[in-house]
Amino acid sequence: MLILITGTAGFIGFHAAKRFLSLGYAVIGLDSLNDYYEVSLKNARLNQLECYEKFEFYKVDIADYEALVDITKDKEITYILHLAAQAGVRYSLEMPRSYIRSNVLGHLNILELARNTPAIKHIVYASSSSVYGDKSKSAFKETDIVNSPASLYAATKISGEMIAESYSKLYGINQTGLRFFTVYGPWGRPDMAYYIFTDKIFNKEPIELFSPEKMTRDFTYIDDIIDVLPRVLESTPSNLHAIYNLGNSNPNTLMQLVEAVETACEASTQKVILKKQNGDVSYTHADINAAKRDFGFAPRVELKDGIKNFVNWYKNY
Ligand SMILES: NC(=O)c1ccc[n+]([C@@H]2O[C@H](COP(=O)([O-])OP(=O)(O)OC[C@H]3O[C@@H](n4cnc5c(N)ncnc54)[C@H](O)[C@@H]3O)[C@@H](O)[C@H]2O)c1
């Protein structure tokens, strides 16, 4: 079986490619290797995948449809795992066009590729908890109305889901959207709070906390996400297009994250308290009953253990 994985040099794409390769799948990896964060980290992830015989990598921008067709024309692709995106909420205030290019035009191109390649059985794509907007009711359910994005990033993720829905209806394409909730772990993203805090603590610099008394996140360990991906990919979504929350379903406050990082680093640092940033939401919490029911999704890793694994990786990297 051949899987096309987009965003393979990224955090989740790298872990996913590694898992599918170790299960014996052949993987074509695509990534533009953009410089939103250190390209050296993206290359280091790719180096880890190079030892697999069934891995092929292409540096390509998914917004370039001709290039996508060129790369894939002679390949017998069965599944697409579409993870490439311009991630990050705060950066969407600075670089709005890169979100439209990657997350809207890029997503459309992946769907066009599937539309023109009938052998593709299923597209699994990354959505985000950010689609739920800024609300603080208890767990967010897939059936909640999502029409109030707090950032352009969130707006592009809602758009991705809507475009996917239309392509399933129009062309009968099987698709599953996964709303990830703050995924963290080894080989993680340097723009995320746990990585920034670790950097600062080791460099003996103060950390900035934006409205910490109000911030709560459903931090989800990478392996818990990766463990369920093969079952999702090999499933057939009911009504062609299905959407699932994938989160830990056990939110922690920002201060609990800081404590976990300080404990794992065996050091503490000065904290600078600042106002909430534009585009940030205060609270996320996944209702995961649907993913439990359909895929046996069962997150196991607690924040303090996952952060310890991250800090161990960070020290060696
Ligand atoms: N990590 C999280 O907490 C989280 C939470 C919610 C949703 N997501 C979603 O999960 C997916 C993976 O996220 P991640 O954390 O691994 O992010 P990441 O930034 O580490 O990985 C994304 C990869 O996509 C690549 N990319 C971006 N635009 C591209 C383009 N136009 N063409 C080709 N490649 C392109 C980047 O170079 C990067 O390597 C994304 O869709 C993201 O929106 C992640």
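**Helix packing, the sheet and the ligand shell**

Let's start with a helix pair. Helix α7, residues 193-202, packs against α9 at an angle of about 45 degrees, and the two axes are 10 Å apart. That angle makes α7 oblique to α9. The crossing of α7 past α9 is right-handed. One thing to keep in mind throughout: this is a predicted model.

Who touches whom here? On the α7 side we have Ala 193, Tyr 194, Phe 197, Thr 198, Ile 201 and Phe 202. They meet Leu 257, Val 258, Val 261, Glu 262 and Cys 265 in α9. By class, this contact of α7 with α9 has nine nonpolar residues, one polar and one charged.

Stay with α9. This helix, residues 254-265, also packs with helix α11, residues 303-316. The angle is about 45 degrees, and the axes lie 9 Å apart. So α9 is oblique to α11. The crossing of α9 and α11 is right-handed. From α9, the contact takes Gln 256, Leu 257, Ala 260, Val 261, Thr 263, Ala 264 and Cys 265. From α11 come Leu 303, Lys 304, Ile 307, Lys 308 and Val 311. Sort the contact of α9 with α11 by class, and you get eight nonpolar, two polar and two charged residues.

Now the sheet. How many strands form the open sheet, and in what order? Seven, in the order β3-β2-β1-β4-β5-β6-β11, with parallel pairing. The edge strands are β3, residues 55-59, and β11, residues 241-246; each of these pairs on one side only. From one strand to the next, the twist averages 20 degrees.

Look closer at one pair. β5 and strand β6, residues 175-180, run parallel and are joined by six bridges. Take Ser 128 as an example: its bridge partner in β6 is Phe 180. Helix α6, residues 152-171, packs on the sheet and touches β5, β6 and β11. The direction of α6 makes about 155 degrees with that of β5.

α6 has a helix partner as well. The axes of α5 and α6 come within 10 Å and cross at roughly 15 degrees. That makes α5 roughly parallel to α6. Is the crossing of α5 and α6 left-handed or right-handed? Right-handed.

Here is the contact itself. α5 brings Pro 96, Tyr 99, Ile 100, Asn 103, Val 104, His 107, Leu 108, Leu 111 and Arg 115. In α6 they meet Leu 152, Tyr 153, Thr 156, Lys 157, Ser 159, Gly 160, Ile 163, Ala 164, Tyr 167 and Tyr 171. The residues of the contact of α5 with α6 divide into twelve nonpolar, five polar and two charged.

Last stop, the ligand. It is surrounded by 28 residues. Which are the closest? Gly 7, Gly 10, Ser 32, Ala 85 and Ala 126. Four elements give two or more residues to the shell around the ligand: α1 (11-22), β2 (26-31), α5 (96-115) and β5 (122-128). Which element gives the most? α1, with three residues. By class, the shell around the ligand has 14 nonpolar, ten polar and four charged residues.

Two names to take away. α5 packs with α6, and α5 also gives residues to the ligand shell. β5 is joined to β6, is touched by α6, and gives residues to the ligand shell too.

Conventions
Residues numbered from 1 in each chain as written. Predicted model: local features only at pLDDT ≥ 70, side-chain atom pairs only at ≥ 80, totals over all residues. Near = placed C-beta within 6 Å. Nonpolar A, V, L, I, M, F, W, Y, C, P; charged D, E, K, R; others polar. Pairing = 2+ DSSP bridges. Axes fitted to C-alpha atoms, helices over the stretch in contact; angles between N-to-C directions. Contact = placed C-beta atoms within 7 Å. Parallel < 35°, antiparallel > 145°, perpendicular 65-115°, else oblique. Left-handed = near helix turned anticlockwise from the far one by under 90°.
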